[in-house]
Amino acid sequence: MNKPELHIVILAAGRGQRMRSEQPKVLQQVGGQPMLAHVLKAAQQLPYDGIHVVYGYGGEQLRRVFTDTPVAWVKQAEQLGTGHALAQAMPSIPDNAQVLVLMGDQPLITARSLQILMIAGGDLAILTMRLENPTGYGRIVRNVSGEFTAIVEHADASPMQLEIKEVNSGVYRFPAGRLKQWLARLDSQNAAGENYLTDVLAMAVAEQLWIKTSEINDPNELLGANDRVQLARLERIYQLRQAERLMVAGVALADPGRVDVRGQVQAGKDVFLDINTVLIGNNFLADEVSIGPGCILEDCRLAAGTKVLAHSVLQGVVTEGECSIGPFARLRSGTVLAAGVKIGNFVETKKAVIGTNSKASHLSYLGDAVLGANVNIGAGTITCNYDGVNKYQTTIGDGVFIGSDTQLVAPVSIGTGAFIGAGSTITQNAPADKLTLSRRKQVTIDRWQPPQRRRSED
Ligand code: UD1
Ligand code: CA
């Protein structure tokens with residue numbers, strides 16, 4: 001006999017009233033990614049035959065975010081409850097299949113716990129967990145001999161049932177054919193007036209099916225986020241996981257509670273992250289990269305030994321060797337720094353390719369610029385790259401010295417070894433190995449009188 005197909009259904013149609021947001025709940029983010037993306041990532045690690053996402057509230061918004069994700073989208077036009085939501089996905093699932101149901105608001109779920117459910121045995125299985133504060137969760141109700149009898153929602157539970165700490169995670173494995181029959185029999189005679197998926201469990205008990213409950217040791221994995229308080233809690237748990245992952249990989253963290261990872265980080269040996277580092281997108285940090293406090297790095301690739309000093313913001317930056325950046329530097333995309341480059345405080349770069357050992361130590365803007373090696377950019381130098389319509393290139397040769405407070409009006413090029421006098425406005429190409437300056441001669445007015453206070457008229 002063939003192995004039954006495995007179909008995964010993710011319930012993601014709910015509005016998430018309790019979030020008080022215009023966005024569908026599963027688009028709320030954890031670690032910089034929608035909750036649904038995390039759930040999908042865990043689901044995709046199983047050997048599935050189909051993944052079905054039940055969507056509804058804010059559906060178009062949701063589908064736009066996940067356009068490239070290969071799943072079957074199932075619309076639940078009205079949010080009538082979790083049972084009704086699951087029923088929408090069932091017509092395309094064969095009767096002899098296994099159905100794994102997940103909630104879209106459980107971003108911390110791991111493939112490992114899903115595998116536990118898959119191998120738990122029984123005709124159907126539920127992942128449960130024990131919570132100190134089970135408020136809001138469905139309770140796992142058992143008879144005197146400890147056998148599972150039903151799930152009772154918080155709003156419908158008796159005072160005694162409210163004391164139960166073992167709760168329903170919302171993750172189940174069902175036999176598809178039976179599930180279809182049970183779903184068809186659901187009603188909304190309950191506190192929420194909704195079609196509760198959880199009511200099918202009592203039906204399964206009545207039909208004497210073999211029900212396995214698997215309690216997960218780390219309840220953090222299965223926590224749901226119904227409101228922003230819970231969402232913030234999940235974010236913290238997620239971030240501590242990321243911090244631990246980094247430390248295990250050899251990264252030194254000044255404080256694992258004060259680093260935020262919103263994407264992927266690859267790090268070499270002896271990388272150091274000071275407090276309040278935010279890492280967004282895909283960052284690659286080679287050996288001995290050190291990031292000062294309060295820095296933001298997005299999609300950067302930093303070579304071994306690069307030091308980023310306090311409060312710098314780097315976006316799409318590549319360093320090709322040991323560089324020093326900041327404090328208070330802003331490096332934007334297209335910035336490529338060769339080995340030994342120094343970018344100091346209050347310097348902004350954009351599409352700037354800077355050669356070996358060149359320095360811009362203070363207060364500059366370098367945009368659409370190519371700099372050779374050993375260039376010295378004086379304080380206050382600005383590339384005037386934009387005429388209000390188009391952007392133009394500035395090219396600076398090896399060994400150039402740009403005096404302080406110079407404006408380089410692009411397109412313009414400065415020849416190798418040239419010197420530019422401080423305070424110049426350079427509008428034409430400057431030749432190599434010569435001093436070029438454009439400021440007026442200094443004058444002193446001998447007969448000048450300091451201004452006098454005017455006598456009052458009255
Ligand atoms: C649900 C369970 C509860 C369990 C908890 C675990 C039910 C009735 N209750 O409660 O036993 O302890 O999850 O986190 O199932 N959804 C739809 N369509 C709807 C309603 C909801 O797709 O009409 C989706 C939501 O988008 C969400 C998921 O189903 O992703 C769960 O809905 P939610 O309202 O969060 O259920 P809980 O009250 O948390
Ligand atoms: Ca929930």
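In this predicted model, strands β8 (residues 139-142) and β9 (residues 148-152) run antiparallel and are joined by 4 bridges. Within this pairing, I140 of the structure stands opposite I151 in β9. The hairpin formed by β8 and β9 has 5 residues between the strands, and G146 there adopts a positive phi near 85°.

**The ligand site**

Ligand 1 sits in the largest pocket. Two elements, α3 (82-89) and β10 (166-175), each give two or more residues to the shell around ligand 1. That shell divides into 8 nonpolar, 11 polar and 4 charged residues. There are 23 residues around ligand 1, and those that come nearest are L11, Q76, T82, E153 and N168.

Three of the residues named above place a polar atom opposite an oxygen atom of ligand 1, as the table sets out.

| Residue | Protein atom | Ligand 1 atom | Distance |
|---|---|---|---|
| T82 | polar side-chain atom | oxygen | 2.7 Å |
| E153 | side-chain N or O atom | oxygen | 2.6 Å |
| N168 | polar backbone atom | oxygen | 2.6 Å |

Taken alone, ligand 1 exposes 760 Å², and the protein buries 92% of that area. In the contacts tabulated here, T82 and E153 take part through their side chains, whereas N168 takes part through a polar backbone atom.

**Backbone features in loops**

Which peptide bond is cis, with omega near 0°? The bond in question runs from A410 to P411. P411 belongs to the loop between β31 (407-409) and β32 (412-414).

A cis peptide bond also joins G326 and P327, with omega of about 5°. The loop that holds P327 lies between β22 (324-325) and β23 (330-331).

Where is H311 placed? H311 is found in the loop between β19 (307-308) and β20 (313-315). The phi of H311 is near 55°, which is a positive value in a residue other than glycine. The positive phi of the β8 and β9 hairpin, by contrast, is taken by G146.

**Overview**

To review the site, ligand 1 occupies the largest pocket, and 92% of the 760 Å² that ligand 1 exposes when taken alone is buried by the protein. Elsewhere in the backbone, cis peptide bonds precede P327 and P411, while H311 has a positive phi.

Notes:
Residues are numbered from 1 along each chain as its sequence is written. Chains are lettered from A and ligands numbered from 1 in the order in which they are written. This is a predicted model: local features need pLDDT of at least 70, side-chain atom pairs count only at pLDDT 80 or more; totals for chains, interfaces and linings use all residues. Side-chain values use heavy atoms; hydrogens and water are left out. A residue is near a molecule or strand if one of its heavy atoms lies within 4 Å of it. A polar contact is a pair of N or O atoms within 3.5 Å; within protein, one must be able to donate a hydrogen and the other to accept it, and residues adjacent in sequence count only if both atoms are side-chain atoms. Accessible areas come from the Shrake-Rupley method with a 1.4 Å probe; for residues, only the protein chains shown count as cover. On a 1 Å grid over the protein atoms alone, a cavity is a set of points where a 1.4 Å probe fits but cannot get out, and a pocket is an open set with protein on both sides within 12 Å along at least five of seven lines; lining residues have an atom within 4 Å of a point. A molecule sits in a cavity or pocket if more than half of its atoms lie within 2 Å of its grid points. Ala, Val, Leu, Ile, Met, Phe, Trp, Tyr, Cys and Pro count as nonpolar, Asp, Glu, Lys and Arg as charged, and the others, Gly among them, as polar. Two strands pair if DSSP finds at least two bridges between them.
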